[in-house]
Amino acid sequence: MKHKLTFLFFCLTLSFGMAQNKKDYSNGVPITKGTWFSSLSLSANSRTGENDRQLFATYIEQQRNGFNLRIDPGYVIKDNLGIGIGLLYGSRKDESIQQSSDGVISNVNSAERKFEIRPYVKNFIPLGESNRFYIVIPTELQIGFGNGIQETTTDGVLTREFTDGIYYGLGMRPGMLVFIHENFGFEVNVGALGISRTIITSEATGLPDSKVNSGDLSLKINLLELSLGFSIYL
């Protein structure tokens, strides 16, 4: 984990050094051809529950935490239009005590991680003439892989399940960019309008291997995919 974070920050630092000519920012930050940019964003979620009744089980206790860290270096190929490639690392952990509908209690612990490569095209729509506020519309190709493990202990018997997944798709992440200082901006994005396909294979103790191939089409804004980040434009 430490090495992956170091690599992401190194990429961000490298992309900052690619600038060639400093522009006039007296009236804001114009997104003009030849501009290099990069952003670092974070999204996170957590859940704590007690006696949460679900359809097939009751979660007596539950603790879930996860995050996604992403870096997006890019280059403006024409005014208000940029291209780049995003790198994303995500992790999630879930610990719970569950009671099934027939009264059996199990301890369930799981962990997942993923890595994604996301080439993108990014449109900048200026709001007003100050060049300080922009609507941003990144459209990206999503290619990723991940793995996970789940351990279930019931009546002293431990069962492990290992999963590997690959996924690809096309999505949009509309948002807002606000420049709060020379060269320096704050950006917020949400997930929206995506199509994806996922292939997951599983190996479990004492059970046959499984493979699931699924597709998903989303035509709505997903506030659960909200990400906040900072950007540099040079």
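Helices and strands here are DSSP runs, helices being H or I over at least four residues and strands being E over at least two, numbered from the N terminus. With that convention in place, good morning, and let me present the structure before you.

This is a predicted model, in which local features need a pLDDT of at least 70, side-chain atom pairs count only at pLDDT 80 or more, and totals for chains, interfaces and linings use all residues. Residues are numbered from 1 along each chain as its sequence is written, and side-chain values use heavy atoms, with hydrogens and water left out.

I begin with confidence. The pLDDT is the predictor's confidence in each residue, from 0 to 100. The protein chain averages 85, and 87% of the residues score at least 70. Helix α1, residues 2-16, has the lowest confidence, with a mean of 44, whereas strand β3, residues 74-78, has the highest, at 96. The pLDDT is below 50 over residues 1-26, a stretch that has 38 contacts in the model beyond near neighbours in sequence; a contact means heavy atoms within 4.5 Å. Where pLDDT is low, the predicted coordinates should not be read in detail.

I turn to the overall architecture. The protein chain contains one helix and 11 strands, and from the N terminus the order is α-β-β-β-β-β-β-β-β-β-β-β. Among contacts with a separation of 6 or more, 65% are between residues 24 or more positions apart.

Next, the pairing of strands, for which DSSP must find at least two bridges between the two strands. Strand β1, residues 36-53, runs antiparallel to strand β2, residues 57-71, and 13 bridges join them. These two strands form a hairpin with three residues between them. Within this pair, S43 stands opposite N68 in β2. Strand β1 also pairs with β3 in the antiparallel sense, over two bridges, and there W36 stands opposite Y75.

Which residue lies 9.1 Å from L40, C-alpha to C-alpha, although 192 residues separate the two along the chain? The residue is I232, which is located in strand β11, residues 222-233. I232 is buried, because its relative accessible area is 18%; buried means under 20%, exposed over 50%, and partly exposed in between, with a 1.4 Å probe and protein chains only. Of the 234 residues in the protein chain, 34% are buried.

I now consider the surface. Accessible areas come from the Shrake-Rupley method with a 1.4 Å probe, and for residues only the protein chains shown count as cover. The chain exposes about 14000 Å², and carbon and sulfur atoms supply 59% of this area. A nonpolar patch of about 950 Å² includes I85, I117, L141, L170 and L219. Strands β6 (133-154), β7 (157-172) and β9 (184-204) each give two or more residues to the patch. L170 lies in strand β7 and is partly exposed, because its relative accessible area is 44%.

I close with the backbone. Most residues other than glycine have a negative phi. N131, however, has a positive phi of about 60°, and N131 is found in the loop between β5 (105-126) and β6. D155 also has a positive phi, of about 55°, although D155 is not a glycine. D155 sits in the loop between β6 and β7, and counts as exposed because its relative accessibility is 71%.

Note on methods:
Patches are made of residues with over 30% relative accessible area and no salt bridge: like charges are joined within 9 Å, nonpolar side chains (Val, Leu, Ile, Met, Phe, Trp, Tyr) within 5 Å. A salt bridge is a side-chain nitrogen of Lys or Arg within 4 Å of a carboxyl oxygen of Asp or Glu.
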